[in-house]
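Hi,

Here is the structure I said I would pass on. Have a look at it first, and my notes come after.

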Amino acid sequence: MRAPDALFEPTRLGDLTLPNRMVMAPMSRARADADGTPGTLMADYYAQRASAGLIVAEGTHPVAAGAIGPDAPGLFTDAHQDGWARVADGVHAAGGRVFLQLMHAGRLAHPDFLPEGSLPVAPSAVAADALVHTPGGRVPAVTPQALTDGAIRELIDDFVRSACRAVAAGLDGVEIHAANGYLLHQFLAENANLRTDRWGGDTEGRIRLTVAIARAVADTVGPHRVGVRISPSNPFGDLAEADPYGTYTALVSALAPLGIAYLHHGETGTELDPAVRELWPTALMVTPLPADRDKPEAAAHSLARGADLVSFGRDFLANPDLVTRCRIGAPLNEARRTGFYGGGAQGYTDYPAL
């Protein structure tokens, strides 16, 4: 099926004009240097995919304790910043636009790759019933340390400092990752956040950290350079949300006045989806439901349901020329498993072109 014409229309995102509405979703690839510095290979990888309306680069930890796994990129040292500058320069030279996803693994980190074997941190000392990636393979998650109030306030500053580094590196903006089982999502979920202080206890408390980080980052680098990602009801990382409608309508309502560039919403197929569209005042980026297997059809459905932008994941790994393929209705290369965190085409940067 050929993709809908609306997918290839230009649109505004903050201060950017995007040439199309196709977004390359952030996907962990574990190709950074051992210290978390992006290298030339990563710069080549993103530059190859610059025809996307927007690239959201992979989850990047703003502090060492937030690493998701071995060889994941960071952004809290000068070397990290220089590496991301190479990525930004490569994407811009190829005519693209790129945000960076800032994410903290929380309880899905592991002592095997954290500094000096330290424990992961989380809203509460509750281990996930999940396996996590380590240099030696997948192992059970450990019981994390509960963050103190002071450590939470420092964490907000960590996100701000990393966002400043992203802008200094020449990236177009940052996406705050509050989804997919990681730290900010852990604060949103009742089974991971057992706190009774201002960072938990009720809906207002559980959403407080995500809103505080988004506000602090937007106040520092400008709201036009900020997005937030959510994935209501996503059980990844052993999370359970008792009232996703209540939690996420409250969160979206609290984020809306900040005037940030976009909200990245993982569709649920429930009444929450139209409620999010109704509440959200700027660009809405949507990750289509997994059931939408045909990507052009998924994009058409998402646009019809009120999305401004549609994110594509694994298909961008196997098809750096995905925009062209969707525009002309050409067949797609099939992504295949190549190691940590999944699919790719011919390893990383080598792929069958049209």
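Below is what turned up, starting with the charged pairs and ending with the pockets.

Keep in mind that this is a predicted model.

Salt bridges first: the count comes to ten. One of them joins Arg-161 to Glu-154, with the closest N and O atoms 2.6 Å apart. Arg-161 is partly exposed because its relative accessibility is 44%, and Glu-154, at 38%, is partly exposed as well. Those two belong to a network of salt bridges that links Glu-154, Asp-158 and Arg-161.

Glu-190 and Arg-206 also pair up, at 3.5 Å from N to O. Glu-190 sits in the loop between helix H4 (183-188) and helix H5 (203-221), while Arg-206 is in helix H5, so this salt bridge ties together parts that are 16 residues apart in sequence. Glu-190 is partly exposed at 24% relative accessibility, whereas Arg-206 is buried at 6%.

Then there is Arg-305 with Glu-267, where the closest N and O atoms are 2.7 Å apart. This pair links distant parts of the chain, 38 residues apart: Arg-305 is in the loop between helix H8 (295-304) and strand S14 (309-312), and Glu-267 is in the loop between strand S12 (262-266) and H7. Glu-267 counts as buried, with 10% relative accessibility, and Arg-305 as partly exposed, with 40%.

Both residues come up again in the cavity. The structure holds one cavity of 30 Å³ or more, and the volume of the largest cavity is about 60 Å³. Among the residues lining the largest cavity are Glu-267, Asp-273, Arg-277 and Arg-305. Helix H7 (272-279) and strand S13 (283-287) are the elements that give two or more residues to this lining, and H7 gives the most, with three. By type, the lining has four nonpolar, two polar and four charged residues.

As for pockets, the second largest has a volume of about 180 Å³. It is lined by 13 residues, and Ala-34, His-61, Ala-67, Gly-69 and Phe-113 lie nearest its centre. Eight of the lining residues are nonpolar, three polar and two charged.

One last residue to look at: what does Arg-49 do without a salt bridge? Arg-49 lies in the loop between helix H1 (40-48) and strand S4 (54-60). Arg-49 is buried, and the nearest side chain of opposite charge, Asp-321, is 8.4 Å away. Instead, the side chain of Arg-49 reaches the backbone oxygen of Phe-316, at 2.8 Å.

Cheers

How values were computed
Residues are numbered from 1 along each chain as its sequence is written. This is a predicted model: local features need pLDDT of at least 70, side-chain atom pairs count only at pLDDT 80 or more; totals for chains, interfaces and linings use all residues. Side-chain values use heavy atoms; hydrogens and water are left out. Helices (H or I, at least four residues) and strands (E, at least two) are DSSP runs, numbered from the N terminus. Buried means under 20% relative accessible area, exposed over 50%, partly exposed in between (1.4 Å probe, protein chains only). Lys and Arg count as positive and Asp and Glu as negative; His and the chain ends are not counted. A salt bridge is a side-chain nitrogen of Lys or Arg within 4 Å of a carboxyl oxygen of Asp or Glu. A polar contact is a pair of N or O atoms within 3.5 Å; within protein, one must be able to donate a hydrogen and the other to accept it, and residues adjacent in sequence count only if both atoms are side-chain atoms. On a 1 Å grid over the protein atoms alone, a cavity is a set of points where a 1.4 Å probe fits but cannot get out, and a pocket is an open set with protein on both sides within 12 Å along at least five of seven lines; lining residues have an atom within 4 Å of a point. Grid points are joined across faces, edges and corners, and a volume is the space filled by probe spheres set on the points. Ala, Val, Leu, Ile, Met, Phe, Trp, Tyr, Cys and Pro count as nonpolar, Asp, Glu, Lys and Arg as charged, and the others, Gly among them, as polar.
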